[in-house]
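Work through the exercises below with the sequence and the structure at hand. Try each task before reading its solution.

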Amino acid sequence: MITKKDLLKMTGISYGQLYRWKRKNLIPETWFIRKATYTGQETFFPKEKILKRVSQITALKDTLSLDELADRFSPRSVKKIRLSKQEVLECNIVSKTVLNYYLKAEGDSETFRFVQLLSLFLLEKLLRTGKMNLDEGKELLQVLKSYGNDVSERNGRLYFIRKMGVPIFFIVAGDTDAFFESEVHVVALIHLQQSIEALVAQIENHGKSLDAVEEGRPNG
């Protein structure tokens, strides 16, 4: 976490800019966290997230209006993303082996929508860690297929747990805590908004214009 005072000092932005960006929804309300300190109430932010967002805003504010930036950072905008099979592989979202597994499980597709891309991204991630096998991957795909369209609207978390060897996947929306009995083993906890941001960054880092892939235009 980082305090508001330290954030302003570190980034050089003003108090007015910070709260103007908040009003424009460039910075989520949930990132403004009020906590009691020995001097009274103070505002804190998730350090990595807020520093990255301020850096993005300051880099783009001279070329995009605040309204355009707000739309760019909106969770709804990522739902417009479309990629072809070739683009999915070029962006290293998923390996060819895991892509073939997905297509066999979910059916062939020439174009992948947001929730499919997120499913591929998380499937690859969990398989690579060795925490999940291919059979369990089918259950991951099922929960994302059923509820994945909603996760970008809220600060959701994906839990992968096992009880007596039985795998279970479920999504908790918002900042609600989850508590388990002692026999439950939490195999993985994934913050979905972070995964969405990482997925979008990976697409852009491989030379794909987010504006273009949202509209289905060819990428250069």
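**Exercise 1. Leaving aside neighbours within four places in sequence, find which residues Ile 93 is in contact with.**

Solution. In this predicted model, setting aside the neighbours within four places in sequence, Ile 93 is in contact with Leu 83, Val 88, Leu 117, Leu 120, Phe 121, Glu 124, Leu 199, Gln 202 and Ile 203. Next, place Ile 93 in its surroundings: the largest nonpolar core has 38 residues, and those with the most contacts inside it are Ile 93 and Leu 123. At least two residues of this core are supplied by each of α7, α8, α9, β6, β8 and α10 (192-205), and the largest share, ten residues, comes from α8. Finally, another core, of 18 residues, lies apart from this one, and among its members are Leu 18, Trp 21, Leu 26 and Phe 32.

**Exercise 2. Determine whether Glu 124 is buried or exposed, and describe what its side chain meets.**

Solution. Begin with the location, which is helix α8 (residues 114-129). The relative accessible area of Glu 124 is 7%, and because buried means under 20%, Glu 124 counts as buried. Then turn to its surroundings: not counting residues up to four places away in sequence, Glu 124 touches Ile 93, Val 94, Ser 95 and Val 98. Of these, Val 98 belongs to helix α7 (residues 96-106), where Val 98, Leu 99, Tyr 101, Tyr 102 and Leu 103 are buried; after α7 comes Gly 107, whose phi is positive, near 100°.

The last step concerns the partner of the side chain. Side chains of opposite charge can pair when their charged atoms come close. Here Arg 128 forms a salt bridge with Glu 124, with 2.5 Å between the closest N and O atoms. Both residues lie in helix α8, four residues apart, about one turn of the helix. An α-helix has 3.6 residues a turn, so residues three or four places apart point the same way. The two partners nevertheless differ in accessibility, since Glu 124 is buried at 7%, whereas Arg 128 is exposed with a relative accessible area of 64%.

**Exercise 3. Find which residue meets Glu 136 in a salt bridge, and say where the two partners lie.**

Solution. The side chain of Glu 136 meets that of Arg 162 in a salt bridge of 2.9 Å, N to O. This pair links distant parts of the chain, as Glu 136 is in helix α9 (residues 134-151) and Arg 162 is in strand β6 (residues 157-163), 26 residues apart. To compare their surroundings, take the relative accessibility of each partner: Glu 136, at 6%, counts as buried, while Arg 162, at 21%, counts as partly exposed.

**Exercise 4. Find which residue meets Lys 163 in a salt bridge, and then state how many salt bridges a search of the whole structure finds.**

Solution. Lys 163 meets Glu 181 through their side chains, at 2.8 Å, N to O. Here too the pair links distant parts of the chain: Lys 163 is in strand β6, and Glu 181 is in the loop between β7 (166-172) and β8 (184-191), 18 residues apart. As for accessibility, Lys 163 is partly exposed, with a relative accessible area of 27%, and Glu 181 is partly exposed, with 44%. Widening the view, a search of the whole structure finds nine salt bridges, and Lys 85, Asp 108 and Glu 110 are linked in a network of such bridges.

Methods: Residues numbered from 1 in each chain as written. Predicted model: local features only at pLDDT ≥ 70, side-chain atom pairs only at ≥ 80, totals over all residues. Heavy atoms only, no water. Buried < 20%, exposed > 50% of the residue type's maximum accessible area, 1.4 Å probe, protein only. Contact = heavy atoms within 4.5 Å. Salt bridge = Lys/Arg side-chain N within 4 Å of Asp/Glu carboxyl O. Core = buried A, V, L, I, M, F, W, Y, C linked by side-chain atoms within 4.5 Å.
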